[in-house]
Amino acid sequence: MTVTLADVAARARVSPATVSRVLNGNYPVAASTRERVLRAVDDLDYVLNGPASSLAAATSDLVGILVNDIADPFFGIMAGAAQTQIGGPGDGSGRAGGEKLAVICNTGGSPERELTYLTLLQRQRAAAVVLTGGAVENPEHQAAMAAKLAKLADAGTRIVFCGRPPLPESDALVAALAFDNRGGGRRLTEHLISLGHRRIGYVAGPRERTTTRHRLEGHREALHAAGLDDLPAGGGPGDGSGHRAADDDPLVVHGPYDRRSGYEATLELLRRAPDVTAIVAANDTVALGACAAVRDQGMRIPQDISVAGFDDLPFSVDAVPALTTVRLPLFEAGARAGRLAMGKENPPPGGIATIAAELMIRGSTAAPRG
């Protein structure tokens with residue numbers, strides 16, 4: 001026999017409305033009453049009818065977290081941290097009472113899959129959506145994203161960006177937590193320049209990603225400020241800055257954010273410019289590939305060539321030598337995104353917060369020989 005909401009109410013000696021308030025977590029209920037209701041739920045093994053509840057309410061108990069690759073610690077750390085705030089009070093009781101079900105949506109970096117997941121979450125009346133990592137800089141995709149997010153927001157879904165800048169001309173967001181990738185990239189290259197490096201290779205990420213552009217812009221700003229290039233700082237062709245495209249720069253090679261890309265791109269850099277004394281990698285995973293390529297060419301780190309990464313992923317301090325990198329507070333940002341998605345924290349002024357990046361100087365960088 002199916003247990004109903006009325007059965008729980010009778011067992012707890014409260015009204016069905018009070019049971020609903022406890023289970024949905026959308027109205028304050030006295031602690032003693034809440035405990036009595038949750039005990040009745042446990043005793044009767046009551047299961048809330050999720051689809052019916054979502055039809056009756058504006059949203060469901062579902063929260064979607066979109067990541068490029070859950071196996072990548074950059075995304076895994078943020079998603080895990082967000083889930084700690086989405087899952088509920090975490091009192092160890094195992095009881096239901098206002099918690100949300102966080103679902104990880106692995107896009108594989110595909111813009112089409114990103115839109116597909118948002119459509120599926122819209123159909124499920126998701127209570128919130130957290131989108132992590134850099135965005136694709138394609139006008140058509142940006143327009144499609146803005147339209148899709150507007151529909152979600154109109155239906156009551158809370159939308160939070162974590163680690164990505166806000167969409168242009170979109171007011172559908174609760175908040176955008178954007179990392180200072182440009183500033184971090186600039187400080188990292190300034191560090192190498194201060195050590196005496198003048199020929200610095202750069203292994204960049206995919207061309208179409210905001211993260212790639214911002215980190216590379218910071219790198220070039222530092223070079224320009226030191227008079228080490230003939231390029232105006234920032235921007236790209238057609239944006240009025242006059243900056244040369246990466247295709248024309250022998251010291252920049254683009255590729256995916258993975259170890260293999262770091263390895264192959266570093267070999268290409270060393271072929272193009274064997275006089276480079278330092279290599280900056282798009283992230284720490286790419287930096288591991290770069291280190292392997294340098295060693296396979298019979299060179300030592302940092303005696304013959306310095307290598308630096310970005311993100312300060314957990315393994316970076318255990319590399320040999322430990323990796324100089326830029327720390328992004330991934331867990332803290334993910335947890336904050338989760339609180340914003342749940343309405344536990346007020347949005348930052350204007351809905352946008354820039355999260356600072358911290359330079360971590362370790363053993364993989366040193367002054368060039370001679």
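**A walk through the predicted chain**

Of the 370 residues in the chain, 48% are buried. The model is a predicted one. Its secondary structure consists of 12 helices and 12 strands. Contacts reach across the sequence: among those between residues at least 6 apart, 71% join residues at least 24 apart. The accessible surface of the chain is about 16,500 Å². Carbon and sulfur atoms account for 52% of that surface.

Start inside. The largest nonpolar core holds 44 residues. Within this core, I65, F74 and F179 touch the most other members. Helix α5, residues 73-86, supplies the largest share, with six residues. A second core, separate from this one, has 19 residues. Among its members are V203, V253, A265 and I279.

F74 deserves a closer look. Which residues does F74 contact, once neighbours within four places in sequence are left aside? They are G133, F179, R215, D311, L313, L328 and L330. F179 appears here again, another of the residues that touch the most other members of the largest core.

D311, also on that contact list, has an unusual backbone. Most residues other than glycine have a negative phi. D311 is not a glycine, yet its phi is positive, near 110°. The residue sits in the loop between β9 and β10. Is D311 buried or exposed? Its relative accessible area is 2%, under the 20% limit, so D311 is buried.

R13 makes a useful partner for D311. R13 also has a positive phi without being a glycine, here about 60°. It lies in a loop as well, between α1 (5-12) and α2 (16-24). The relative accessible area of R13 is 65%, over the 50% limit, so R13 is exposed. One positive phi thus belongs to a buried residue, D311, and another to an exposed one, R13.

Now the peptide bonds. Most peptide bonds are trans. The bond from I301 to P302 is cis, with omega near 5°. P302 is in the loop between α11 (284-296) and β9 (306-308). V320 and P321 are also joined by a cis bond, with omega about -5°. P321 falls in the loop between β9 and β10 (325-327). D311 lies in that loop too.

Turn to the largest pocket. Its volume is about 440 Å³, and 23 residues line it. Lying nearest its centre are N68, D72, F75, Y257 and N283. Two elements give two or more residues to the lining: α5 and α9 (210-225). Which element gives the most? It is α5, with three residues. Helix α5 therefore has two roles in this account: it gives the largest share of the largest core, and it gives the most to the pocket lining. What is the chemical make-up of that lining? Seven residues are nonpolar, eight are polar and eight are charged.

Two further buried residues complete the tour. A126 lies in the loop between α6 (111-123) and β3 (128-132). Its relative accessibility is 0%, so A126 counts as buried. The C-alpha atoms of A126 and R158 are 8.5 Å apart, although 32 residues separate the two along the chain. T33 is in helix α3, residues 31-44. At 16% relative accessibility, T33 is still under the 20% limit and therefore counts as buried. Not counting residues up to four places away in sequence, T33 touches V14 and T18.

Notes: Residues are numbered from 1 along each chain as its sequence is written. This is a predicted model: local features need pLDDT of at least 70, side-chain atom pairs count only at pLDDT 80 or more; totals for chains, interfaces and linings use all residues. Side-chain values use heavy atoms; hydrogens and water are left out. A nonpolar core is a set of buried Ala, Val, Leu, Ile, Met, Phe, Trp, Tyr and Cys residues joined through side-chain atoms within 4.5 Å. Buried means under 20% relative accessible area, exposed over 50%, partly exposed in between (1.4 Å probe, protein chains only). Helices (H or I, at least four residues) and strands (E, at least two) are DSSP runs, numbered from the N terminus. Contact means heavy atoms within 4.5 Å. Accessible areas come from the Shrake-Rupley method with a 1.4 Å probe; for residues, only the protein chains shown count as cover. On a 1 Å grid over the protein atoms alone, a cavity is a set of points where a 1.4 Å probe fits but cannot get out, and a pocket is an open set with protein on both sides within 12 Å along at least five of seven lines; lining residues have an atom within 4 Å of a point. Grid points are joined across faces, edges and corners, and a volume is the space filled by probe spheres set on the points. Ala, Val, Leu, Ile, Met, Phe, Trp, Tyr, Cys and Pro count as nonpolar, Asp, Glu, Lys and Arg as charged, and the others, Gly among them, as polar.
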